[in-house]
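Hello,

Here is the structure I promised to pass on to you. Please have it open while you read, as my notes refer to individual residues.

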Amino acid sequence: MRLIYTVVLKTFKTLPKPHRTGLVIASVFLGGLILLPSEPVEASRHQESLVLDAGVRYPLELSVLDTTDVLVEEDDGEWETYSVGRGDTLAKIFKRAGFSARDTYDVTQAGELAKTLVTLIPGDELSLRASEDGSFSGLRYAVSFKETLRIERNEESGELSAELEAKEFETRYSFAQGEIDSSFWNAGVDAGLTDNQIMHLAGIFGWDIDFAVGIRQGDIFNIVYEENYIDGEFVGYGDIVAAEFINQGERFVAIQHDDGNYYTPEGRSMRKSFLRAPINFKYVSSNFTKARFHPVQKRWKAHNGTDYVAAVGTPVMASGDGKVIEASYNRFNGNYVFVQHGEKYVTKYLHLKKRGVKKGDMVKQGQTIGYLGSTGMVTGAHLHYEFLVDGVHRNPRTVELPKARPIDANQKDAFMKIAEVRLQQLDNTKRIMLAMK
Ligand SMILES: [Zn+2]
């Protein structure tokens with residue numbers, strides 16, 4: 001699967017995003033999805049995203065909410081623009097503009113934000129405005145592609161005040177779909193995702209899916225993600241706002257709430273007490289085979305653990321919060337670390353090159369507790385990972401784990417509204433992709 005399609009929802013929002021997705025939704029003015037039923041586009045993504053107004057209206061009417069956008073009011077004073085040259089200071093530019101040293105001083109005293117003006121960058125531009133008597137009355141300085149510093153004189157008090165103005169920012173939603181053939185990474189690349197997006201996608205499902213050894217040929221993912229535009233120009237990717245992953249026939253769905261966290265469509269956190277894999281999949285070599293039964297899984301019964309083959313020195317993470325109950329060396333395990341999680345659970349990490357924690361240490365989920373190696377009785381470098389429940393070895397990929405926490409009750413309604421829209425977007429993606437096969 002190497003095609004991506006882009007659908008543009010007509011949404012606009014202003015930066016900064018205090019509440020990420022929620023703002024998007026809250027400020028969406030969208031009159032239904034306009035789709036592009038045209039030709040598939042090759043997955044070169046930067047960013048000829050196909051925007052077709054072919055007039056095909058999606059059957060789903062997404063609800064339309066009020067916009068919260070703030071429009072920049074245009075005032076009609078006379079603005080002059082000055083380029084910052086090498087060695088230029090605010091004082092020099094003010095002098096060129098015919099303003100007094102007093103004006104320069106007042107501007108630099110216009111609050112914390114005005115301190116930006118102490119170091120001007122050559123090539124940047126300052127716009128300055130004079131009042132009728134020739135004295136300074138306003139300044140604009142683009143401090144980044146999305147933020148402009150504005151200093152204005154209050155007509156009544158005569159005081160100067162500074163504020164940062166966020167540029168109007170357009171968010172478009174794109175879709176990508178992938179089917180795993182050779183590896184998850186390759187499927188992500190083929191779907192047109194960036195490295196970051198691929199890592200992010202694995203991160204979203206890291207509590208449900210073992211991306212290091214649990215991915216199979218035929219696994220499928222669908223995602224909806226943000227793209228940011230300013231004045232029609234692509235300026236970067238936003239978040240993945242919805243994702244679906246079908247792993248070995250099991251379906252997982254994650255929706256981003258406006259707090260930035262991901263939840264199931266029913267409103268349970270994607271975060272759980274254990275990561276499925278204690279190692280980042282990107283380090284794991286040959287993590288995939290086309291064999292119907294993965295050798296790692298077959299071997300699991302034989303030796304009560306999962307082996308992760310990766311380069312010596314690869315960081316090994318605690319799969320959950322807990323306390324280190326053993327950190328030592330023997331000739332079978334090599335360097336090993338055992339972690340106790342609550343009453344019931346113990347995880348074990350063997351053959352480490354180096355231990356990163358000591359007995360008695362408290363560790364956090366995802367914290368590096370050692371580095372993969374080939375110490376002890378091994379034929380090659382790998383991490384041997386064991387998961388015990390009440391002292392009994394269990395398969396970490398399939399073991400029943402404590403249920404994830406539900407979203408805060410006072411957030412539930414807001415989340416369910418977002419989830420509804422996101423699920424429709426995901427659904428639409430799939431229908432488009434299906435129609436185009
Ligand atoms: Zn092993």
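Below are my notes on this model, from the whole chain down to single residues.

**Overall picture**

Please keep in mind that this is a predicted model. The protein contains seven helices and 24 strands. Of its 437 residues, 49% count as buried. Among contacts with a separation of 6 or more, 68% are between residues 24 or more positions apart. The exposed area of the protein is about 21600 Å², and carbon and sulfur atoms supply 51% of that.

**Salt bridges**

The count comes to 15 salt bridges, and three of these pairs may interest you.

Arg102 pairs with Asp106, with the closest N and O atoms 3.4 Å apart. Both belong to helix α3 (residues 101-108), and because they are four residues apart there, about one helical turn separates them. In general, an α-helix has 3.6 residues a turn, so residues three or four places apart point the same way. As for cover, Arg102 is exposed, at a relative accessible area of 56%.

The side chains of Asp208 and Lys272 form another salt bridge, at 2.8 Å from N to O. Asp208 sits in the loop between α5 (195-204) and β12 (220-230), while Lys272 sits in the loop between β15 (262-263) and α6 (295-303), so this pair ties together parts that are 64 residues apart in sequence. Asp208 has a relative accessible area of 8%; the limit for buried is under 20%, so Asp208 counts as buried.

Lys344 and Asp390 make a salt bridge too, and their closest N and O atoms are 3.3 Å apart. Here again distant parts of the chain are linked: Lys344 is in the loop between β19 (334-341) and β20 (345-355), and Asp390 is in the loop between β23 (383-389) and β24 (392-394), 46 residues apart. Lys344 is partly exposed at 37% relative accessible area, whereas Asp390, at 53%, counts as exposed.

There is also a network: Arg129, Arg150, Glu152 and Glu165 are joined into one by salt bridges that share partners.

**Around strand β9**

Two members of that network turn up again as contacts here. Glu147 lies in strand β9, which covers residues 147-153. Its relative accessibility is 25%, so Glu147 counts as partly exposed. Beyond its neighbours within four places in sequence, Glu147 is in contact with Tyr141, Ala142, Leu164 and Glu165. The C-alpha atoms of Glu147 and Lys167 are 5.9 Å apart, although their positions lie 20 residues apart along the chain as a separation.

Leu164, one of the contacts of Glu147, also helps to form a nonpolar surface patch of about 200 Å², together with Leu113 and Val143. Val143 is placed in the loop between β8 (136-142) and β9, and is partly exposed with a relative accessible area of 33%.

Glu159 is in the loop between β9 and β10 (160-166). With a relative accessible area of 54%, Glu159 is exposed. Setting aside residues up to four places away in sequence, Glu159 touches Glu152, Arg153 and Asn154; Glu152 is one of the residues in the salt-bridge network. The C-alpha atoms of Glu159 and Asp106 are separated by 8.8 Å, with the two positions 53 residues apart along the chain, and Asp106 is the partner of Arg102 in the salt bridge described above.

**Helix α7**

How does the span of helix α7 agree with what its residues should give, at 1.5 Å a residue? The 28 residues of α7 (residues 409-436) should span 40 Å, and the end C-alpha atoms are 41 Å apart, which agrees. The helix also has a kink of about 30 degrees, centred on Phe415.

Thr429 is found in this helix. At 1% relative accessibility, Thr429 counts as buried. Apart from residues up to four places away in sequence, Thr429 touches Phe175, Asn222 and Val224. Of these, Asn222 and Val224 fall within the range of β12 (220-230), the strand on one side of the loop that holds Asp208.

Happy to talk any of this through with you.

Best wishes

Methods
Residues numbered from 1 in each chain as written. Predicted model: local features only at pLDDT ≥ 70, side-chain atom pairs only at ≥ 80, totals over all residues. Heavy atoms only, no water. Helix = DSSP H or I, 4+ residues; strand = E, 2+ residues; numbered from the N terminus. Buried < 20%, exposed > 50% of the residue type's maximum accessible area, 1.4 Å probe, protein only. Contact = heavy atoms within 4.5 Å. Patch = residues over 30% accessible without salt bridge, like charges linked within 9 Å, V, L, I, M, F, W, Y side chains within 5 Å. Areas by Shrake-Rupley, 256 points an atom, 1.4 Å probe, with all protein chains shown as cover. Salt bridge = Lys/Arg side-chain N within 4 Å of Asp/Glu carboxyl O. Expected span 1.5 Å × (residues − 1). Bend = angle between axes of the 7 residues up to and from the residue.
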